[in-house]
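Work through the following exercises with the structure open beside you, and try each task yourself before you read its solution.

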Amino acid sequence: MPYSFHSHSGQYCKHGYGHLEDVVKEAIRKGFHVYGLTEHMPRFECSELYPEEIEACCTPSSLATTFAEFQLHARQLAEHYDEKITLLIGTEIEFIHAGYADKIQALRDKHQIDYVVGSLHHVGSVPIDFSSELYQTCLEKYGTLEALFSAYFDEQYVMLQTVKPEVVGHFDLIRIFAPSDECIMLPAIWEKVVRNVECVVAYNGLFEINSRAWKKGLQDAYPNRAIIKLIQEKGGRFTLSDDCHGPDDVGMYYSKLVDYLRERDIHTIHYLTREGGKVVVKENRKVLEEPFWNRIKDW
């Protein structure tokens with residue numbers, strides 16, 4: 001029965017691969033109950049384009065067109081496969097600067113988006129997860145790892161306060177290319193982590209446990225075990241995401257994810273679904289007992 005609320009495809013994302021419908025077909029084949037389709041929102045300035053998009057001659061206008069096409073296509077797929085899977089249509093947001101809050105709301109209104117995944121991919125307008133080289137550029141801008149982590153959680157806090165995303169994407173993405181994530185535990189940084197977690201708990205958001213971290217060679221999923229413990233102590237709610245970037249990524253590392261849940265004593269997962277024409281949050285209190293996990297070996 002499990003779920004994923006964060007996904008991409010090569011059809012609508014330049015660093016993804018494969019077709020959106022093939023992602024959906026894999027989610028059905030692998031037994032997902034609810035699957036979220038969340039291509040990246042467009043960006044609005046040429047200076048905000050990624051190198052891969054510049055190489056493909058993308059423009060802010062073409063990204064907006066592509067996003068509209070995704071929204072239409074995804075809804076067609078949701079209707080077509082309605083009897084086999086519940087598909088929710090969202091977007092993974094950008095928050096390059098505070099002005100993005102209004103742009104996100106405009107996209108919500110225009111496309112009637114089911115939900116947003118609130119992610120922070122830039123710090124000080126520099127991408128942190130596109131490549132280790134750009135991460136290093138960002139680190140050099142801030143001077144120390146502690147300063148970079150501090151800035152990340154400050155910018156994330158503004159995003160959380162102004163956007164209030166239904167799902168918080170890879171909460172501690174800043175770990176991705178860090179030589180060590182030990183500075184998260186420094187009092188000045190940890191204080192910001194606590195503040196951000198409390199913000200999400202206050203507006204009833206969901207923290208995704210994102211299995212893609214293992215593809216990047218990290219020890220823990222996002223968020224790491226210390227932050228998961230904090231979220232548990234604060235009464236936060238978890239959901240699941242594979243952060244798929246193409247058909248073969250559907251359910252990526254979910255065989256490891258179930259062990260991570262068990263080791264962290266997580267038995268209840270919350271999930272979005274459609275009920276009575278609305279998107280609602282429900283809970284699965286026995287997620288570890290789902291037959292889904294035993295079927296992974298047959299994928």
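**Exercise 1. The overall fold**

How many helices and how many strands make up the secondary structure of the protein? Then decide how its radius of gyration fits its length.

*Solution.* Please keep in mind throughout that this is a predicted model. Counting the elements gives 10 helices and 11 strands. The next step is to take the radius of gyration, which is 18 Å, and to set it beside the 19 Å that the globule rule gives for 299 residues; the two values are close, so the protein is as compact as a globular protein of that length. Along the principal axes, the C-alpha atoms fill a box of roughly 50 × 45 × 35 Å. As a last step, look at the contacts with a separation of 6 or more, of which 74% are made by residues 24 or more positions apart.

**Exercise 2. Surface and charges**

Find what share of the residues counts as buried, and describe the accessible surface and the charges of the protein.

*Solution.* Of the 299 residues, 57% count as buried. The accessible surface comes to about 12,800 Å², and carbon and sulfur atoms account for 48% of that area. Turning to the charges, there are 32 positive and 45 negative ones, and the mean positions of these two sets lie 4 Å apart.

**Exercise 3. Aromatic rings**

Classify the ring pair of Tyr3 and Phe5 and that of Phe5 and Tyr115, and explain why the second pair ties together parts that are apart in sequence.

*Solution.* A pair of aromatic rings is described by two quantities, the distance of the centres and the angle of the planes. The structure holds 21 aromatic pairs. For Tyr3 and Phe5, the ring centres are 6.4 Å apart and the planes make an angle of 20 degrees, and because planes under 30 degrees apart count as stacked, this pair is stacked. For Phe5 and Tyr115, the centres are 6.1 Å apart and the planes are at 80 degrees, so with an angle over 60 degrees this pair is edge-to-face.

Now place the second pair in the chain: Phe5 lies in the loop between strand E1 (3-4) and helix H1 (20-29), whereas Tyr115 belongs to strand E4 (residues 115-118), and therefore the pair ties together parts that are 110 residues apart in sequence. Tyr3 has a relative accessibility of 0% and is buried; Phe5 is buried at 0%, and Tyr115 is buried at 0% too. Elsewhere, ring pairs link Phe32, Tyr35, Tyr254, Phe292, Trp293 and Trp299 into a cluster.

**Exercise 4. Two residues and their surroundings**

Is Leu240 buried or exposed, and which residues does Leu240 touch? Do the same for Tyr100.

*Solution.* Begin with Leu240, which is found in strand E9 (residues 237-241). Its relative accessibility is 0%, and because buried means under 20%, Leu240 counts as buried. Leaving aside residues up to four places away in sequence, Leu240 touches residues including Pro2, Tyr3, Ser4, Phe5 and Ile209. The C-alpha atoms of Leu240 and Ile209 are separated by 5.0 Å, although these residues are 31 residues apart along the chain.

Tyr100 is part of helix H4, and with a relative accessible area of 0% Tyr100 is buried. With residues up to four places away again left out, Tyr100 touches Met41, Pro42, Arg43, Phe44, Glu48, Glu94 and Phe95. From Tyr100 to Val163, the C-alpha distance is 9.0 Å, and the separation in sequence is 63 residues.

**Exercise 5. Backbone details in loops**

What is the value of phi of Cys57 and of Gln112, and which peptide bond leading to Pro223 is cis?

*Solution.* Cys57 is not a glycine, yet its phi is positive, at about 60 degrees. Cys57 lies in the loop between helix H2 (51-55) and helix H3 (60-80), and its relative accessibility of 64% is over 50%, so Cys57 counts as exposed. Gln112, in the loop between helix H4 (100-111) and E4, has a positive phi near 50 degrees and counts as exposed at 57% relative accessibility. Finally, the cis peptide bond runs from Tyr222 to Pro223, with omega near -10 degrees, and Pro223 sits in the loop between strand E8 (206-210) and helix H8 (225-233).

Conventions
Residues numbered from 1 in each chain as written. Predicted model: local features only at pLDDT ≥ 70, side-chain atom pairs only at ≥ 80, totals over all residues. Heavy atoms only, no water. Helix = DSSP H or I, 4+ residues; strand = E, 2+ residues; numbered from the N terminus. Rg over C-alpha atoms; globule rule 2.2 N^0.38 Å. Buried < 20%, exposed > 50% of the residue type's maximum accessible area, 1.4 Å probe, protein only. Contact = heavy atoms within 4.5 Å. Areas by Shrake-Rupley, 256 points an atom, 1.4 Å probe, with all protein chains shown as cover. Lys, Arg positive; Asp, Glu negative; His and termini not counted. Charge placed at Lys NZ, Arg CZ, Asp CG, Glu CD. Phe/Tyr/Trp six-rings, centres within 6.5 Å; stacked < 30°, edge-to-face > 60°.
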